[in-house]
Amino acid sequence: MIKAAPLIHSRTLYCDFNPRFLARPRNMTDSQAFQIRKKILEATKSVDSLQGFRWVVFREDSLCVAGLVCFVEQLASQCQIEEADKKFFLDSKERPTYAFIGAVMADENVGIDAGIPELSYQQLWDGYTKAMRDVWERQVVDTELTDYEPIETENKSLPDYEKHVIHSKDVYEASEMIDRNLFYKYLQLALKGNNVSYCSNITNFLDARQSSYTAITTTDNIRRRLEEIPAPVVISSSSQKKTSNSTRPKESYQKSADQKPIWVYVGAGAIILSAFILWLIMKK
């Protein structure tokens, strides 16, 4: 059996994104929330040009995060919804509402061979609207602390897809079906403790190039462009130290072999002067 708690990052009618999340598990620390939010913000890059859904999986400490980035209206189009919930589509400035809607699964709540959690569009929509209904029109919104509850799981085999390993990143061609199946594949790996991360449907070249996720899906054109970029050169600190020492001008305080001490010259001058004075006396 697996238990999951809702995790939601969204605007409301009047309030912008809460950096501590709109809803998050009760046992998530502020430090974990900060790191998780960084990964989610990366997954929301270029969201204005997002078509469809962007599925996301990653681990933070003992927590596995899974869900999707989307425009709320797009998610609603896949679900049975109440007419009143259409108010969530736009904020007070008439901007389309987008969000990360997902769940957190803690290692302590994941049994051995528990299967793969089923995160359907309807489940995600229901979790979103449940969190939003009471806070949507508030002027100030606090973080709702959520509890872990049992979630349906499936034991299913997932197909393999062709991947290209580019600079240590697994790159797949994006499509609605592939994106969803890979989401479950990497979710299964993450729940087993593997340090993997996955973000689908990245259609901006710079976002794909700079992504910190270990696996992504993107267009074939972007994949080819990524392959043309030379791998970044990683210089170890020991190499930097060696290079720094070898290029630094050497300072030498050693006297050259033919350099005489100054007292030698002083002594020689004194002898010559004494001999000259003695010669003058004798001449008189």
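Tutor: Before we look at this predicted model, one definition is needed: Ala, Val, Leu, Ile, Met, Phe, Trp, Tyr, Cys and Pro count as nonpolar, Asp, Glu, Lys and Arg as charged, and the others, Gly among them, as polar.

Student: By class, how many residues in the lining of the largest pocket are nonpolar?
Tutor: The largest pocket has a volume of about 560 Å³, and 25 residues line it, with A4, A5, P6, G127 and E149 lying nearest its centre. Sorted by class, the lining has five polar and six charged residues, and its nonpolar residues number 14.

Student: Which element gives the largest share of the lining of the largest pocket?
Tutor: The largest pocket is lined by 25 residues, and the elements that give two or more residues to this lining include β1 (2-10), β5 (98-106), β7 (144-146) and β8 (149-151), together with α3 (121-132). The largest share amounts to eight residues, and the element that supplies them is α3.

Student: How far apart are the end C-alpha atoms of helix α4?
Tutor: Helix α4 covers residues 176-191, which is 16 residues, and at 1.5 Å a residue these should span 22 Å. The model agrees with this expectation, because the distance between the end C-alpha atoms of helix α4 is 23 Å.

Student: Which residue, with a positive phi, follows α4?
Tutor: Within α4 itself, the buried residues include I178, F183, Y186 and L191. After α4 comes a residue whose phi is positive, near 95°, and that residue is G193.

Student: Is R224 buried, exposed or partly exposed?
Tutor: R224 has its place in helix α6, residues 220-228, and in space its C-alpha is 9.8 Å from that of H164, although the two residues are 60 apart in sequence. The relative accessible area of R224 is 45%, and a value between 20% and 50% belongs to the middle class, so R224 is partly exposed.

Student: Over which residues does pLDDT stay under 50?
Tutor: The protein averages a pLDDT of 87, and 80% of the residues score at least 70. Where pLDDT is low, the predicted coordinates should not be read in detail. One stretch with pLDDT under 50 has zero contacts in the model beyond four places in sequence, and it covers residues 246-258.

Student: Among contacts between residues at least 6 apart in sequence, what percentage join residues at least 24 apart?
Tutor: The protein has eight helices and 13 strands, and of its 284 residues, 43% count as buried. Among the contacts between residues at least 6 apart in sequence, the share joining residues at least 24 apart is 71%.

Methods
Residues are numbered from 1 along each chain as its sequence is written. This is a predicted model: local features need pLDDT of at least 70, side-chain atom pairs count only at pLDDT 80 or more; totals for chains, interfaces and linings use all residues. Side-chain values use heavy atoms; hydrogens and water are left out. Helices (H or I, at least four residues) and strands (E, at least two) are DSSP runs, numbered from the N terminus. The expected span of a helix is 1.5 Å times one less than its number of residues. Buried means under 20% relative accessible area, exposed over 50%, partly exposed in between (1.4 Å probe, protein chains only). pLDDT is the predictor's confidence in each residue, from 0 to 100. Contact means heavy atoms within 4.5 Å. On a 1 Å grid over the protein atoms alone, a cavity is a set of points where a 1.4 Å probe fits but cannot get out, and a pocket is an open set with protein on both sides within 12 Å along at least five of seven lines; lining residues have an atom within 4 Å of a point. Grid points are joined across faces, edges and corners, and a volume is the space filled by probe spheres set on the points.
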